[in-house]
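Colleague: I would like a close look at a single part of this model. Please choose the part that the predictor was surest of, then tell me how the rest of the chain relates to it.

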Amino acid sequence: MNLLVVGLATGAMLRHGGLRDGAEGRRPPPSLGAVMYRALPRDERHALREASVEGGDGARVKVSRGDSVARMVSLLRAPDFDDVAVSQILAEERTRREDWADRAESNLMRVVAGMSAAERQAFADRMEDVAQKRGKKFAK
């Protein structure tokens with residue numbers, strides 16, 4: 001499934017002009033969520049990542065992904081292409097990603113809401129640093 005997602009992303013980038021945004025010729029900046037995540041201390045990032053895994057059960061996620069890959073491979077190798085079944089597998093993957101994003105956002109909000117004013121100030125400073133450092137990578 002990872003290869004399929006990479007293939008879909010690569011195809012979309014090629015179709016829409018790659019990672020460059022055309023007029024300015026720069027890559028888009030990292031997402032706000034990515035900047036916030038990177039600005040957290042390493043131990044908090046680890047705890048956030050663990051809390052965001054589906055139901056706290058990483059093994060179940062791996063089995064689910066493995067099943068999706070096996071089903072997709074089988075469909076792609078079939079003599080007759082079943083676009084409905086392929087679309088269903090992709091929709092299931094999208095739902096898993098959206099569910100993960102919802103959990104990650106809730107967990108991130110819980111962390112930020114638990115910060116004191118001074119901690120939020122320091123967090124905001126680290127966010128600016130992360131955005132500037134990451135922005136340089138994207139400005140090429």
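Modeller: pLDDT is the predictor's confidence in each residue, on a scale from 0 to 100. This is a predicted model, so that score comes before anything else. Among the elements of the protein, helix 5 has the highest mean pLDDT, 92. Helix 1, residues 2–15, has the lowest, 58. Helix 5 is therefore my choice for the close look.

Some context on the whole chain. The mean pLDDT of the protein is 79. Of its residues, 67% reach 70 or more. Where pLDDT is low, the predicted coordinates should not be read in detail. The protein has six helices and zero strands. Read along the sequence, the pattern is α-α-α-α-α-α. Of the 140 residues, 19% are buried.

Now helix 5 and its salt bridges. The structure holds two of them. One joins E92 to R71, with 2.9 Å between the closest N and O atoms. This pair links distant parts of the chain: E92 sits in helix 5 (residues 83–113), while R71 sits in helix 4 (residues 58–77). The two residues are 21 positions apart. Side chains of opposite charge can pair when their charged atoms come close. E92 has 26% relative accessibility, so it counts as partly exposed. R71, at 35%, also counts as partly exposed.

The other salt bridge is between E93 and R96, at 2.8 Å from N to O. Both partners lie in helix 5, three residues apart, or about one turn of the helix. An α-helix has 3.6 residues a turn, so residues three or four places apart point the same way. What about burial? The cut-off for buried is under 20% relative accessible area. E93 has 8% relative accessibility, so it counts as buried. R96 has 17%, so it counts as buried too.

Helix 5 also helps to line the largest pocket. That pocket has a volume of about 390 Å³. It is lined by 13 residues, and the closest to its centre are G33, A34, Y37, W100 and A104. Helix 2 (32–39), helix 3 (42–52) and helix 5 each supply at least two lining residues. By class, the lining has nine nonpolar, two polar and two charged residues.

The two helices that share this lining with helix 5 deserve a look of their own. Start with helix 2. Its buried residues are V35, M36 and A39. Viewed down the helix 2 axis, they fall within an arc of 95 degrees, so they line one face of the helix.

Next, helix 3. R45, L48 and S52 are its buried residues. Viewed down the helix 3 axis, they fall within an arc of 65 degrees, so they too line one face. On the other side of helix 3, R42 and D43 are exposed.

Back to A39, one of the buried residues of helix 2. Its C-alpha atom lies 8.1 Å from that of D129, although the two residues are 90 positions apart along the chain. D129 belongs to helix 6, residues 117–138. Its relative accessible area is 41%, so D129 is partly exposed.

A further pair also spans a long stretch of sequence. P30 and A131 are 101 residues apart along the chain, yet their C-alpha atoms are separated by 7.5 Å. P30 is placed in the loop between helix 1 and helix 2. With a relative accessible area of 18%, P30 is buried.

To pull helix 5 together: it carries E92, which reaches across to R71 in helix 4. It holds both E93 and R96. It supplies part of the lining of the largest pocket, as do helix 2 and helix 3.

Terms used: Residues numbered from 1 in each chain as written. Predicted model: local features only at pLDDT ≥ 70, side-chain atom pairs only at ≥ 80, totals over all residues. Heavy atoms only, no water. Salt bridge = Lys/Arg side-chain N within 4 Å of Asp/Glu carboxyl O. Helix = DSSP H or I, 4+ residues; strand = E, 2+ residues; numbered from the N terminus. Buried < 20%, exposed > 50% of the residue type's maximum accessible area, 1.4 Å probe, protein only. 1 Å grid on protein atoms, 1.4 Å probe; cavity = no way out; pocket = protein on both sides within 12 Å on 5 of 7 lines; lining within 4 Å. Points joined across faces, edges and corners; volume = space filled by probe spheres on them. Nonpolar A, V, L, I, M, F, W, Y, C, P; charged D, E, K, R; others polar. Arc of directions from axis to C-beta.
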